[in-house]
Amino acid sequence: MRGWEFEKVCCEIFRRSGYSAEVTARTGDQGADLILNGRSGRVVVQTKRQEATVGNSAVQQVHAAKAFYKAARAVVLTNSAYSDAARKLAAANGVELLDRQDLARMLAKAQHARLAPTPEPVVSPRLSKKQKFQGQLAGTRIGRPNRRLPLSPRLSVR
């Protein structure tokens, strides 16, 4: 699994945990791979899929993203572990660290979660451009249903 694929899987895990979640652009993301919105406010997440321990740079990136995106919380999520220096820096800056064990628990929980089906928008093929634009302003997705990334029951976190 590549890094961007890992981001998408993590995004779906958070969606199934009740967050509104989106993946940021691959470049120029200002240190956040995911932006979550939930009951506790906005959360920025930096994901790290790697075999080596995660160091300070991930903590620094997500800490910067927290200010940039005006988030209430900052989280680093990895399929690995963290260096002692990263743990100290995270503790000093209020950054939450989720490691391989946390990810495995989240994945197990997400695989059993049931998402409410996204209702298909009722769209007349004869809508004017103005009507389509007004629907987009109101938050209605016209023409395309929300697509969810399916989680395979055999999905591995490595």
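Q: Is arginine 15 buried, partly exposed or exposed?
A: Welcome to this predicted model! Buried residues fall under 20% relative accessible area and exposed ones lie over 50%. Arginine 15 has a relative accessible area of 22%, so its class is partly exposed.

Q: Which side chain meets that of arginine 15 in a salt bridge, with 3.5 Å from N to O?
A: A salt bridge here needs a side-chain nitrogen within 4 Å of a carboxyl oxygen, and this contact has an N to O distance of 3.5 Å. The two residues are three apart in helix α1 (residues 3-16), which means that about one helical turn separates them. The partner has a relative accessible area of 0% and is buried. Its name is glutamate 12.

Q: How many salt bridges does a search of the whole structure find?
A: Side chains of opposite charge can pair when their charged atoms come close. Arginine 15 with glutamate 12 is one such pair, and a search of the whole structure gives a total of four.

Q: How many residues apart in sequence are the parts that arginine 73 and glutamate 96 tie together?
A: The side chains of arginine 73 and glutamate 96 meet in a salt bridge at 2.7 Å, N to O. Arginine 73 sits in strand β4 (residues 73-78) and glutamate 96 in strand β5 (residues 95-98), so the separation of the parts they tie together, in residues, is 23.

Q: Which class of exposure does glutamate 96 have at 31% relative accessibility?
A: The class between the buried and exposed cut-offs of 20% and 50% is the one to look at. Arginine 73 falls in it at 26% relative accessibility. At 31%, glutamate 96 counts as partly exposed.

Q: Is aspartate 102 buried or exposed?
A: Aspartate 102 forms a salt bridge with arginine 105, their closest N and O atoms being 2.7 Å apart. The two are three residues apart in helix α4 (residues 100-112), about one helical turn. Arginine 105 is exposed, with a relative accessible area of 53%. Aspartate 102 has 19% relative accessibility, where the limit is under 20%, so aspartate 102 counts as buried.

Q: Which residues do salt bridges that share partners join into one network?
A: Here we return to the pair of arginine 15 and glutamate 12. Shared partners link salt bridges into one network, made of Glu12, Arg15 and Arg16.

Q: Which element gives the largest share of the lining of the largest pocket?
A: The largest pocket holds about 220 Å³ of space. Among the lining residues closest to its centre are Phe14, Leu98 and Met106. Two or more lining residues come from each of β3 (41-48), β4, β5 and α4. The largest share, four residues, belongs to α4.

Conventions
Residues are numbered from 1 along each chain as its sequence is written. This is a predicted model: local features need pLDDT of at least 70, side-chain atom pairs count only at pLDDT 80 or more; totals for chains, interfaces and linings use all residues. Side-chain values use heavy atoms; hydrogens and water are left out. Buried means under 20% relative accessible area, exposed over 50%, partly exposed in between (1.4 Å probe, protein chains only). On a 1 Å grid over the protein atoms alone, a cavity is a set of points where a 1.4 Å probe fits but cannot get out, and a pocket is an open set with protein on both sides within 12 Å along at least five of seven lines; lining residues have an atom within 4 Å of a point. Grid points are joined across faces, edges and corners, and a volume is the space filled by probe spheres set on the points.
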